[in-house]
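Got the structure open and not sure where to start? Here's a quick briefing to read alongside it.

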Amino acid sequence: MERREAEAVNSAKVRRPLYAARKKIFPKRASGSFRQFKWIVMAITLGIYYLTPWLRWDRGPFAPDQAVLLDLANRRFYLFFIEIWPQEFYYVAGLLVMAGVGLFLVTSTVGRAWCGYTCPQTVWVDLFLVVERAIEGDRNARMKLDAGPWTARKLVLRVSKHAIWLVIGAATGGAWIFYFADAPTLVGELFTGTAAPIAYITVAVLTATTYTFGGLMREQVCTYMCPWPRIQAAMLDEHSLTVTYNDWRGEPRTRHAKKARAAGRPVGDCVDCNACVAVCPMGIDIRDGQQLECITCALCIDACDVVMDKLGRERGLISYATLSDYNDNMAVATAGGSRPVSPSLVRTADGRFFDKLAHFHIRKFFRPRTYVYTGAWSTIGLVLLYSLLTRDRLAINVLHDRNPQFVTLSDGSIRNGYTVKLLNMIPEPRTIMVTVQGLPGAQMSIVGIGLPADRSFAVPVEPDHLKLVKVFVRQPLKQVASTAQAFIFRVEDRTSFDSNEYTATFNAPEIAR
């Protein structure tokens, strides 16, 4: 009894780690259609990221010629022919909402395709693995190198690998800051040491994060840091495509199929070669079922198909399938006593097979959930497009003087003062006609324009500029109708026919009639 108590006390004193130590993953290079598709996606996404800041777009002599520019200093966003002002930031918000809804739509139909192919973490990890394989070799060579003692060769290989990773990280940070300033100018400033401190800080931060996330942490970012694996579970249903091990066909697995058949034991198509595990960048075994760590990159499908080809068996032991397909195939295999020869073939009650994938797109992709997502995504996009095509490029805003609200002049007329803001939202100079409408007998005068009072004035406005003008409006006393009269400031560009209006108020004292 005393011995047991002592053991209990000693075990309580033993400190156990809160988290399991990371097990290093050495993914083997895969070959196949999905791997080729991932190469294409990686080339396209990295090409867009690194090359976009260098694209030019002619907007005339009064605007920058960088096609995509987030000009925070001047508070402008340029996207080819589109220019977004701060008050139009709802376009950016709308695009972010569209991206979110689009992600829901993609996940509900083809699972975590974003994670497996286009997520920046996935793309940069793939790029870092290319460097690692080129320097240290494929899976077995890297495992042997990692387990071996530190030698001059190992030191050279590791230093070379990490140095290239840091260069990639620096290029990533450098490309990011080029979106916020003229790229050719900024690159010269970076290398001459004349760039703003924030540029160097941003490059340093992004270099560190890219190197750490893509090179050192890798799968841990997806498993522990990213919230999407948890959220995406709510987006999936029985008709969502996921990478699936078809155990109704593969089990019972064995590496000695001939001996098992000779002994009369049932044999599945899986030969337990672990090829699917070796290529997995997340280090999981897809045969254990659906797992949070799986990013559905489908490299295990490529690896398994290669093995099936060598064995002369049908491909698709691991395949993209829905839970509904899986359950149907499992039911057929269990009830019929034999397995369908392909995951897309199902045996009917009379013993015939039919291809479920022949009508998969219509029956699976188009269902109430995808209708809702597609409708929401399309509606937001159409509203943004309509707003973009019909938005005003000439705006006016008026502030009435608060103290005094009106002044009685020597001739008895009443004068009100206004600060008129004229906003020219195109990169070209304009001459704006400012007109007073709806105030009988009223005339206006503009400070700085040495012309007699009138009901209309031409005001020059610089390109992409907000111009403030001081305007005085006066009305003869005998034509004052009330203490507060509504009237209109109308602005018009007679060259482009853009126009806008603002309803203002003309204040006057009480007048005995």
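Before we look at any strands, one definition helps: two strands pair if DSSP finds at least two bridges between them. With that in hand, strand β2 (residues 76-79) is joined to β3 by three bridges, and the two run antiparallel. Keep in mind that this is a predicted model.

**The whole chain**
- The chain contains 18 helices and 16 strands.
- Of its 513 residues, 42% are buried.
- Take the contacts with a separation of 6 or more: 68% of them are between residues 24 or more positions apart.
- About 28,200 Å² of the chain is exposed, and 63% of that comes from carbon and sulfur atoms.

**A little sheet**
- β2 and β3 belong to an open sheet of three strands, ordered β1-β2-β3, with antiparallel pairing.
- At the edges sit β1 (68-71) and β3 (82-84), and each of these pairs on one side only.
- Going from one strand to the next, the twist averages 10 degrees.
- Want a spot to find on screen? Look for Tyr78, which stands opposite Glu83 in β3.

**Two helices that cross**
- Helix α5 (residues 120-136) and helix α9 (residues 197-217) have axes that come within 8 Å and cross at roughly 75 degrees.
- Angles of 65 to 115 degrees count as roughly perpendicular, so α5 is roughly perpendicular to α9.
- On the α5 side, the contact is made by Gln121, Trp124, Val125 and Phe128, while α9 brings Thr210, Tyr211, Phe213, Gly214 and Gly215.
- Sort the residues of this α5 and α9 contact by type and you get five nonpolar, four polar and no charged.

Technical notes. Residues are numbered from 1 along each chain as its sequence is written. This is a predicted model: local features need pLDDT of at least 70, side-chain atom pairs count only at pLDDT 80 or more; totals for chains, interfaces and linings use all residues. Side-chain values use heavy atoms; hydrogens and water are left out. Helices (H or I, at least four residues) and strands (E, at least two) are DSSP runs, numbered from the N terminus. Axes are lines fitted to C-alpha atoms, for helices over the stretch in contact, and angles run from 0 to 180 degrees between N-to-C directions. Angles under 35 degrees count as roughly parallel, over 145 as roughly antiparallel, 65 to 115 as roughly perpendicular and the rest as oblique. Contact means heavy atoms within 4.5 Å. Ala, Val, Leu, Ile, Met, Phe, Trp, Tyr, Cys and Pro count as nonpolar, Asp, Glu, Lys and Arg as charged, and the others, Gly among them, as polar. Buried means under 20% relative accessible area, exposed over 50%, partly exposed in between (1.4 Å probe, protein chains only). Accessible areas come from the Shrake-Rupley method with a 1.4 Å probe; for residues, only the protein chains shown count as cover.
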